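Thanks for coming. I will go through one chain today, beginning with the overall figures and then moving to a few elements.

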Amino acid sequence: MATLPERCFSTVFHKGGGLSRHPFLFFNNEVDMLNPNSAAFAVGQRIPVMLVGGSGVGKTTLAEACANAMGRWFHPFLPSHHLPEEVSGIPVVYREEEQVRMLVLDWMKRFQEKLGYLFLDEINTGSSSMLALLLSVIQERRIGNFRLSDDLVIMAAMNPPHLAPNAIPLPASVRNRFCFWDWRTPVTRFLQGIEHDNFPQPSVPVVQDAEIRDPHWGRLVKAFLESRPGYVEHKVVNDENRSFASLRTWRMVKLACAALDSIAADPNDYLLITNGCVGDEASSLFHSFVADLDLYPAREVILGNVAVNLDDSVDRLLPLPGALVFHARRMNEDGELLPDQIQRCFELMVNLGERGLVDAVVKPMTIFAKFANNWRPDLALQRRFGALLQQIRVN
């Protein structure tokens, strides 16, 4: 039986007590006590996240601190305090042109620029008409023909219904647009700053190059749903604090897990985030499925301890280039990445490209060049890489 390093598994415990294993993760990160919700704020850079917690536990305050740390413009919006036209815009009549145009408010106009951060606070106290209007903002970043920046981060928060005045059950159409995250109160940050009201800045994990891991997680989702077609569109749960499985939320699982890869997240966060997207049952089955796959241990490949068989199945080889970049970057940041290891990775990816996996290796090789400042491929390897690039141009 393969050992954990050989199979590249880490262990995480399921909510119900079962055991699962997660590929590619060798990290055993402690929870950042200044920001114990760091996984949610990382994933929120790619998909909408709903923070669910009690009143006065720091959801809005920490969200604003994280936005400031990221250099983003933070705008809190309480749907219950505003009229729908403040989102959709105010109609203005142009008589000479015989037209009516919608004039948006200044804060909406600003969200056309990059580095925005929209925080929908107490969202379950908004009216049904306001929630319906926000659907396209949350999902498509648009209102009618008015488009917001694709860079816009959208997060929301809600108190449990029994703590929220005039709360309404969130419609399924709203819930299915969010990843739900059970709030962890940042007690350490509060205690460090309460004496002088000088609270320390929380660390914010910035998601970078997550798109490299998107195809890997997309393949895992595809394989799982092909084996469990009943979970493509799972039953709608009645719990107004949760989302459920749909085409939309399975895509969110892909984007969220790739984001967690990019920050070396704690293995248990993968399960919690997936729970928040598709529900506990589908999430547990998905991660059990992932754990049973026999994938190459990328870090061991970099170290030269595991050889790669280029005749292996495409399903086993495809995840490897992105995983090599993922681990090599961390090794490089820690001063552990050696020139011969870079050479090994680069040559392996050229071999994979020549094997037919061109699309899977070109971007990872380009990223390697960014942090491998003291290494250059030899002339023969450069020519082979150039030939791969030429194949892309021709196709």
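Accessible areas here come from the Shrake-Rupley method with a 1.4 Å probe. On that basis the protein chain exposes about 18800 Å², and carbon and sulfur atoms supply 51% of that area. Please keep in mind that this is a predicted model.

Some more totals. The protein chain has 395 residues, and buried ones make up 50% of them. In secondary structure there are 18 helices and eleven strands. As for contacts between residues at least 6 apart in sequence, 76% join residues at least 24 apart.

Now the sheet. Five strands form an open sheet with parallel pairing, in the order S4-S7-S10-S3-S11. Which strands are at the edges? They are S4, residues 73-77, and S11, residues 179-182, and each of them pairs on one side only. On average, neighbouring strands in this sheet are turned by 25° against each other, with direction ignored.

Take one pairing from it. Strand S3, residues 49-52, and strand S10, residues 153-158, are joined in the parallel sense over four bridges. Within that pairing, Val49 has Met155 in S10 as its bridge partner. Helix H3, residues 59-69, lies across S3, S4, S7 and S10. Relative to S7, which covers 116-120, H3 runs at about 175°.

Following S7 we come to a loop that leads to helix H6, residues 128-140, and Thr125 sits in that loop. Is Thr125 buried or exposed? The cut-off for buried is under 20% relative accessible area; Thr125 has 11%, so it counts as buried. Its side chain makes a polar contact with the side chain of Ser80, at 3.3 Å. Leaving out neighbours within four places in sequence, Thr125 is in contact with Ser80, Ala164, Pro165, Asn166 and Ala167.

Next, helix H10. For its 16 residues, 1.5 Å a residue gives an expected span of 22 Å. The end C-alpha atoms of H10 are 23 Å apart, which agrees. H10 is mostly covered, with twelve of its 16 residues buried. Among them are Trp250, Met252, Val253, Leu255 and Leu260. What covers the buried residues of H10? The cover includes the edge strand S11 and the helices H2 (38-43), H9 (214-227), H11 (267-278), H12 (280-291) and H15 (320-333).

One residue of H10 deserves its own slide. Thr249 belongs to this helix, which spans residues 247-262. Its relative accessible area is 0%, so Thr249 is buried. Not counting residues up to four places away in sequence, Thr249 touches Asn176, Ser243, Phe244, Cys277 and Val278. After the end of H10 comes Ala264, with a positive phi near 55°.

Last, helix H16, residues 339-354. H16 has 16 residues and reaches 23 Å from first C-alpha to last, close to the 22 Å expected at 1.5 Å a residue. The buried residues in H16 include Ile342, Cys345, Phe346, Leu348, Met349 and Leu352. Gln341 and Gly353 are buried there as well. Just after H16, Gly356 takes a positive phi of about 120°.

That is the end of my slides.

Notes
Residues numbered from 1 in each chain as written. Predicted model: local features only at pLDDT ≥ 70, side-chain atom pairs only at ≥ 80, totals over all residues. Heavy atoms only, no water. Helix = DSSP H or I, 4+ residues; strand = E, 2+ residues; numbered from the N terminus. Buried < 20%, exposed > 50% of the residue type's maximum accessible area, 1.4 Å probe, protein only. Contact = heavy atoms within 4.5 Å. Pairing = 2+ DSSP bridges. Axes fitted to C-alpha atoms, helices over the stretch in contact; angles between N-to-C directions. Expected span 1.5 Å × (residues − 1). Polar contact = N/O pair within 3.5 Å; in protein donor to acceptor, adjacent residues only side chain to side chain.
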